[in-house]
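Me: I should like to learn how to read some features of a structure. Could we take them in turn, with the general idea before the case?

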Protein chains: 2
Amino acid sequence: MKIEPASSGPARPADLSAQIAAAIRDAIMEGRLIVDERLPSEAELAEHFAVSRPTVREALKRLAAQSLIRTQRGATGGAFVNRLSFEEAYAQQITTSTLLLSMNAVSFATACEARYALERACAPLSAARRGADHLAAMRREINRQGEPALTDEAFCASDVAFHRALVDGAGNPVLSYQLAGAVEAMQPLMNMITFSARSRTRIIALHTDIANAIAAQDQRAACDGLTALEDETQALARSVFATRSPRA
Amino acid sequence: MKIEPASSGPARPADLSAQIAAAIRDAIMEGRLIVDERLPSEAELAEHFAVSRPTVREALKRLAAQSLIRTQRGATGGAFVNRLSFEEAYAQQITTSTLLLSMNAVSFATACEARYALERACAPLSAARRGADHLAAMRREINRQGEPALTDEAFCASDVAFHRALVDGAGNPVLSYQLAGAVEAMQPLMNMITFSARSRTRIIALHTDIANAIAAQDQRAACDGLTALEDETQALARSVFATRSPRA
DNA sequence: AGAACTTTAATTGTAAGACAAATGAAAATT
DNA sequence: AATTTTCATTTGTCTTACAATTAAAGTTCT
């Protein structure tokens, strides 16, 4: 075990628990602590860093919040370096992205542009590699979006599911992970929109175009479909926001 | 203030501090706690949730680790809902992405493909909008990459800086944030590569092509340049890994 | 009255000790 | 040999206490 105190700038001494967490985090990121390796017990860490156990525990909880470690009780328990799974990474990515958008007055246009730019990056790969399951998921969501009784919120959720299937079709987990934030974080913004029956019809038509392009492995058409959908979404948002708040 | 215990599935009762952290996190994400709002004091939270103060503190440290709150000591101190800045979001994104790649046996090819796909999504926007500062940064890094005394690690760092300038040129902070993880997390993988003088020359030439395309606002050429660079990088990585570990 | 200083109260940061709960391993028993 | 019991280890939680910090209220001096 090699965990040394962070020897960085003395600037302003942060909390002890933050310092200890940083030291252990560095050890993990630099490979000095490997996956599934057991950290010393809380008592040992407390002695090593010359702090009390509650302080060590606060540090460990910080790391647990980032899924860097997991803890287990019992005789052979302890804190273990956690293999960060794609699932956990998704969740964190989505939390961070959602809050970033909701707290920073990011315009709908900016977020929307980013999302569709990223999706267009996936489209060619997805068109080339999509499996039957991804196509089926896309078709299923399109059907669902046609149900008239669907609330706006459920329509948005289905929209997200459609786009996630599109992204996952690229068969690149890193890409799926990166896009998860961009797609999911848009949902709260999309939920501010009221989808009229007419706009739903247009969106469903565009979704169908995109799904068909993916099915036909037509990369160009898939990208063009996404561009058309982006334009439609942006126009819809503009009209909704203009109607709702004519004070801006 | 409205913070109610998470009423989710009873599955397996997690730690109290995790439950409390989740309850407060939900309150923040659902807007029941707004930016800069002060949370109740630790003592009040302890009473509200019927737990001890150390347990509350562990919960708060979890939230602090995600930059959801910040704390301040003193008479008017306390825990405040933190406005998640792009800086903080970058940092978390990079930490998560880096660990995800290093811990999950993601192949260089997969990570590289994702990175360049995402960068190609930025290229058209960057070509359209890049400012003089972004172009200058790109040229500066290209010059730096030509210095013969540069270590491989410094060459990689400059490469990252070049690509970040390219991404930032798109003028979309959301896009920059999303790409930060993809670009930076590749650096440890790139550092495993030895860059011969010949390969450096080729990379610099491709960087120059890309910078020129961006300068000329030629979207197509910028994308093609990135594709060429991706091919070059992938080929380089293949040759390096094949030479180094012929056991796989 | 006003400015500088002091006190005070509130709040987070840290420490120490204790007990509960979980858990696997060792020991005892059948 | 198999099963049960005991036990030691470790995390989870509580209690109490004190230190450090900070802004506001109060006090004193000019």
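Reply: Let us begin with the naming of elements: helices (H or I, at least four residues) and strands (E, at least two) are DSSP runs, numbered from the N terminus. The model shown is predicted.

Me: With that numbering, where is A:Q217 found?

Reply: A:Q217 sits in the loop between α10 (197-215) and α11 (219-244) of chain A.

Me: What is the phi of A:Q217?

Reply: As a general idea, most residues other than glycine have a negative phi. A:Q217 is not a glycine, yet its phi is positive, about 55°. Its relative accessible area is 43%, and A:Q217 is therefore partly exposed.

Me: Where does B:S67 lie, and is B:S67 buried or exposed?

Reply: The loop between α3 and β1 of chain B holds B:S67. This residue other than glycine has a positive phi, near 60°. Buried means under 20% relative accessible area, so B:S67, at 14%, counts as buried.

Me: How should a helix be read, and what span does α8 of chain B reach?

Reply: The general idea is that an α-helix has 3.6 residues a turn, so residues three or four places apart point the same way. Helix α8 of chain B covers residues 173-184, 12 residues in all. From its first C-alpha to its last it reaches 16 Å, close to the 16 Å expected at 1.5 Å a residue.

Me: How many residues of α8(B) are buried, and which residue caps its N-terminal end?

Reply: Of the 12 residues of α8(B), 11 are buried, and the helix is mostly covered. Among them are B:V174, B:Y177, B:Q178 and B:E184. The cap at the N-terminal end is B:N172, with a side-chain oxygen 3.0 Å from the backbone nitrogen of B:V174.

Me: Which residues come nearest to DNA strand C?

Reply: There are 25 residues around DNA strand C, and those that come nearest are A:L16, A:S52, B:R53, B:R57 and B:R73. Of the strand's atoms that come within 4 Å of the protein, sugar and phosphate account for 67%.

Me: Which parts of DNA strand C do the side chains of A:R53, B:R38 and B:R73 approach?

Reply: Each distance runs to an N or O atom of the side chain. For A:R53 the partner is a base nitrogen, at 3.4 Å. For B:R38 it is a phosphate oxygen, at 3.4 Å, and for B:R73 a sugar or linking oxygen, at 2.8 Å. The elements giving two or more residues to this surface are α3 (53-65) of chain A together with α3 (53-65), β1 (69-72) and β2 (78-81) of chain B. By class, the surface near DNA strand C has nine charged, nine polar and seven nonpolar residues.

Notes:
Residues numbered from 1 in each chain as written. Chains lettered and ligands numbered in written order. Predicted model: local features only at pLDDT ≥ 70, side-chain atom pairs only at ≥ 80, totals over all residues. Heavy atoms only, no water. Expected span 1.5 Å × (residues − 1). Buried < 20%, exposed > 50% of the residue type's maximum accessible area, 1.4 Å probe, protein only. Polar contact = N/O pair within 3.5 Å; in protein donor to acceptor, adjacent residues only side chain to side chain. Near = heavy atom within 4 Å. Nonpolar A, V, L, I, M, F, W, Y, C, P; charged D, E, K, R; others polar.
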